[in-house]
Amino acid sequence: MSVPHKQHVMEFLEEMDEDAEAIGAVNTLVRTERGYKGYNTDGAGFERALREAGIGISGRTCILLGAGGAAKAAAYVLAREGAEHVYILNRKEERAAELAAYMNGLFNRSVMWPMALEAYSSIPYIKGGYLAVQSTSVGMEPHRDRAIIEDERFYEMIHTGVDVVYTPARTRFMKMVEAAGGRAVNGLDMLLYQGIIAYELWNPQVKVDGKTIREARALIQEQLSERAPGGRKQNLIFIGFMGAGKTSVGEAYARACNMPLIDTDQRIEEAAGMAISRIFAEQGEEAFRKLETSVLEELLANTEGAVISVGGGLPLREENRILLKKLGTVVYLDVSPDTVMARIGSDVSDRPMLQGRDVRERITGLLAYRRPVYLEASHVIVDVNGRSVDEIVEEIRRRADG
Ligand code: S3P
C-alpha cells in the first residue's frame, strides 16, 4: 500500500497495532472477526534489515536524512531501539522539527535534533562516526546521479550509510559513503522484510525460513534488474556514427560490467564468410542492410544481458530502430564530424560508406542526415567528443545501470 492510502485507510479500521499507531501509517491489513486491523511493517522491516546486516542501533549517534514517511518509520525504530542521538536533516526544516518533536514526545526523551539540510557541516565530529539513514527519494529515477548531500567531507563522518532506496541497487549516496571508507547498504532488505513480516501476519502459523528469504531476495533482485519488455535481462546497445567509439566503449563497458560483447558487423562477416567491404562491392548496400536486420532478429530471439555494438548505418531502417528498442537500452554515442575525421579520416579504405573524393564532406553530410535518426533511435545520449573511453563508460554506468 502506498502513500496517501497508508493514512486514509486508518479511518476504516477496527484496530491498529502499536507501530502503525506510532508511525501514523498502515501498510498491512489483517481481517479479524470484528473488522480489519492495521499494521505497519515498514518500521519492523527496517529494524530487521539492520539487525540481519549486523548494524547496531543501541547507543549509536545517527543522522537521518529526510523527514517524510520513510523517515518517520526509521526515526521511530532508531528511538525505540535506543539510539542515543539522531540529527534529522531536511530541506524544509519545519518538517524535521515536527518529526523530532513528535518522536521526542512519544519516547519522552530528547533523542531527535532537527536541522536544515544545508547545516550538515555543523554536525560535530564524533569518534567512530555516524550511522546515517538516507530516507529521501534522491538517488532514484529521475535523480539517479544525485545524492542528497554532494559534499565529500560529509561522508567522512559516516561509519555506516543505510539508503532506503533499492533501485538502483547502488545509489550515489552509497557510492559516496564507500568512497569515504564507510560501509553502505541499500533498502532491498527493508523491502523484503516488511513483506515477510506482512506475510507472517496474514499466515500466523507460518514462520518464513532463511532459505525462503534468500530465494525471495533473489527473486526481487531478478525482478528489479533492468529488463527489456517481455521480462528478459536488459542488453545495452551502442549506436552511432563510424568512429564514435562503439567498439572500444563497448569492449570497456562489457569488461567493467562482466557482460559478453557482440558486434553486429562481426556477426555479419562471420555469417557471410566475407568482409563487409566485399559484401558492399558484390551485393550492394541494400543486401548488407537486410543482413543487419536478420542479425537483429536473431539477437532479439536469443540474447540477453549482453553489450551489443552495431554498425553505424543499422538504425537507418525504421524496422531496425523498432527491433533495437525491443532488444534493450540503446545508447547513442554522439560524435562531431571533427572527431570522426581525426579518428578515421586518414584511412577509409575499408569503409564503403566513406568512399568518394572528399572524406570530410562525406562525413559531414552523412552525419547531418543521420544524427536525428540516431537521436530518435536511442534511450540515452552521451557526448563522446574529447572524452576518454573510461569517462564515457563511467557516465553510461551511472546513467544506464546506476
Ligand atoms: C556503416 C558502418 C560500419 C559498417 C558498414 C556500414 C555505416 O560500421 O557497418 O561499413 O553505414 O555507417 P561501423 O560504424 O562500426 O564502422
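Just after helix α11, Gly273 takes a positive phi of about 70°. That is a pleasant place to begin a walk through this predicted model. At the other end of the helix, where α11 (residues 264–272) starts, a side-chain oxygen of Asp263 comes within 2.9 Å of the backbone nitrogen of Asp265.

**Around the ligand**

Asp265 turns up again in the ligand site. The ligand is surrounded by 13 residues, and the closest are Lys246, Asp265, Arg289, Arg351 and Arg370. What is the make-up of this shell by class? Five of its residues are nonpolar, three are polar and five are charged.

Several N or O atoms of the protein can be paired with oxygen atoms of the ligand, and the table lists three such contacts, one from a side chain and two from the backbone.

| Protein atom | Ligand atom | Distance |
|---|---|---|
| Arg289, side-chain N or O | oxygen | 2.8 Å |
| Gly312, backbone N or O | oxygen | 2.9 Å |
| Gly313, backbone N or O | oxygen | 3.3 Å |

How much of the ligand's accessible area does the protein cover? On its own the ligand has 390 Å² of accessible area, and the protein covers 90% of that.

Arg317 is also worth a look. Arg317 sits in the loop between β14 (307–309) and α14 (318–327). Is Arg317 buried or exposed? Its relative accessibility is 18%, so Arg317 counts as buried, the limit being under 20%. The side chain of Arg317 also makes a polar contact of 3.2 Å with the side chain of Glu319.

**Aromatic rings**

Across the whole structure, a search finds eight aromatic pairs. One of them is formed by Tyr120 and Phe154, an edge-to-face pair with 5.7 Å from centre to centre and 75° between the planes. Which parts of the chain does this pair bring together? Tyr120 belongs to the loop between β6 (112–116) and β7 (130–134), while Phe154 belongs to helix α6 (residues 152–155), so the pair ties together parts that lie 34 residues apart in sequence. Both Tyr120 and Phe154 are buried.

Phe154 has a second partner in Tyr155. Their ring centres are 5.1 Å apart and their planes meet at 85°, so this pair is edge-to-face as well. Why does that angle earn the name? Planes over 60 degrees apart count as edge-to-face, and 85° is over that limit, which means the label fits. Tyr155 is buried, as is Phe154. Taken together, Tyr120, Phe154, Tyr155 and Phe173 make up one aromatic cluster.

**Cysteines**

How many disulfides does a search of the whole structure find? The count is zero. For two cysteines, the burial values are as follows. Cys62 has a relative accessible area of 0% and is buried. Cys257 is buried too, with a relative accessible area of 18%.

**Backbone details in the loops**

Two loop residues deserve a closer look at the backbone. The peptide bond joining Thr167 and Pro168 is cis, with omega of about 10°. Pro168 is placed in the loop between β8 (158–163) and α7 (172–179).

Asn108 is the other. Its phi is near 55°, a positive value in a residue other than glycine. Asn108 is in the loop between α5 (93–107) and β6. At 71% relative accessibility Asn108 counts as exposed, because the limit for that class is over 50%.

**Across the chain**

Two C-alpha distances help to relate separate stretches of sequence. Ala252 is part of helix α10 (residues 246–257) and is buried, with a relative accessible area of 11%. Ala252 and Ile392 are 140 residues apart along the chain, and their C-alpha atoms are separated by 9.6 Å.

Gly210 is in helix α9 (residues 210–224). With 37% relative accessibility, Gly210 counts as partly exposed. Where Gly210 and Phe107 are concerned, 103 residues separate them along the chain, and their C-alpha atoms are 33 Å apart.

Note on methods. Residues are numbered from 1 along each chain as its sequence is written. This is a predicted model: local features need pLDDT of at least 70, side-chain atom pairs count only at pLDDT 80 or more; totals for chains, interfaces and linings use all residues. Side-chain values use heavy atoms; hydrogens and water are left out. A residue is near a molecule or strand if one of its heavy atoms lies within 4 Å of it. A polar contact is a pair of N or O atoms within 3.5 Å; within protein, one must be able to donate a hydrogen and the other to accept it, and residues adjacent in sequence count only if both atoms are side-chain atoms. Accessible areas come from the Shrake-Rupley method with a 1.4 Å probe; for residues, only the protein chains shown count as cover. Ala, Val, Leu, Ile, Met, Phe, Trp, Tyr, Cys and Pro count as nonpolar, Asp, Glu, Lys and Arg as charged, and the others, Gly among them, as polar. A disulfide is a pair of cysteine sulfur atoms within 2.5 Å. Buried means under 20% relative accessible area, exposed over 50%, partly exposed in between (1.4 Å probe, protein chains only). Rings of Phe, Tyr and Trp (its six-membered ring) pair if their centres lie within 6.5 Å; planes under 30 degrees apart count as stacked, over 60 as edge-to-face and the rest as tilted. Helices (H or I, at least four residues) and strands (E, at least two) are DSSP runs, numbered from the N terminus.
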